[in-house]
Amino acid sequence: MFCTLVPPHPNAPSPPPPSAYLYLAQLSDDDPQAALTHYQTAIDILQSQLKGKSVPAGTNITDKDVSDDDEVKSNIIHAYLGMVETWMDPAHDLCFDPSASSTCDALLSRALEIDPRNLETLQTLASVRLSQEKPDEAVQALRAFPSPDDVATDPQAHTASLLNALPVPTRIARAKLLLECSAYSDALSVLEGVLATDDTNVEGWYLMGWAWWLVAERKKEGDTSAIQGLGDDSENLEWQDMARDSRDCLETCRMLYSAQAFPDEPLLEHVQELIMTLEGLGIQPSPADEEGGEMWENISDGDDRDDDIEMS
């Protein structure tokens, strides 16, 4: 259907709609070069639309004009991000190309020129920086937020509002990046928002359980940095308390996985492995009337470091 909207089809409109090329790019999973070509064509058309909307100085610009321009710019940004994701996709040989890293940097620079504080662009930048083994720059990108228009607005509330406006899959991906950067409190804060939006999200409960597991492990080893940013009462928590929070989340994940027939066997295997380890450490689930209590209290920003580890 979309092919009828673009050349060389005889009935294709002129100029063709950029949305057709964006859809074709997304449908070209088995042909990354074709996807890149479609994305670039869409960008070229969208940019020409912006240039065609230039108005003389002194002309009144309506709210609709601004809204239309913002939508065009947003579509250009998403096309650039689509190109980055195509280059980074491990299913294709492109990600092994020597020019992949520099190409992604160039594409992200163009997206950031349009909107330096676009959260999805910054999140994609963080993913690229992690692939380049630059975790500090990845965390910096994930913690970059536009300032509130009203100086009286609480910064943490403003950040939470911006994050909660993102689609749940985008927030899940952000939490994974934060965990990979060992920014545990940031990840827990994001996941708290995910589960407040959808408390049946299997992956959200899994990642919450995994995050508490990692914090508990660090606490068990005597690393006090693991609890930074987890709230005023976090210093009074023992590693067993955090491990119990982990088990509560993992048990909820396992229950929802079964109820929803969730299609991710490796996730379930990891959940079961973690629960077995916690069982061996004597960590039991919270009583039914207590479950889910402490884990929701005052999770705020923090800066913690480490990767996948096992308690012993």
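**Notebook: loop residues in an all-helix chain**

I looked up the neighbours of Ser-28 and found that, leaving aside residues up to four places away in sequence, Ser-28 touches Ala-34, Ala-35 and His-38. The model I am reading is predicted. I placed Ser-28 in the loop between α1 (18–26) and α2 (32–52). Its relative accessible area is 11%, and because the limit for buried is under 20%, I entered Ser-28 as buried.

Next I examined the chain as a whole. I counted 12 helices and 0 strands, and the order along the sequence is α-α-α-α-α-α-α-α-α-α-α-α. The chain has 312 residues, of which 43% count as buried. Among contacts with a separation of 6 or more, I noted that 65% join residues 24 or more positions apart. The exposed area of the chain is about 16,400 Å², and carbon and sulfur atoms supply 50% of that area.

I then turned to backbone angles. Ser-182 has a positive phi of about 65°, although it is not a glycine. I located Ser-182 in the loop between α8 (168–180) and α9 (184–197). Is Ser-182 buried or exposed? I recorded a relative accessible area of 2%, so Ser-182 is buried.

Ala-261 is another entry under this topic. Its phi is near 50°, a positive value in a residue other than glycine. Ala-261 lies in the loop between α11 (239–260) and α12 (265–280). I recorded a relative accessibility of 61% for Ala-261; because exposed means over 50%, I entered Ala-261 as exposed.

To close the page, I set the two residues side by side: Ser-182 is buried, whereas Ala-261 is exposed.

Definitions and conventions
Residues numbered from 1 in each chain as written. Predicted model: local features only at pLDDT ≥ 70, side-chain atom pairs only at ≥ 80, totals over all residues. Heavy atoms only, no water. Helix = DSSP H or I, 4+ residues; strand = E, 2+ residues; numbered from the N terminus. Buried < 20%, exposed > 50% of the residue type's maximum accessible area, 1.4 Å probe, protein only. Contact = heavy atoms within 4.5 Å. Areas by Shrake-Rupley, 256 points an atom, 1.4 Å probe, with all protein chains shown as cover.
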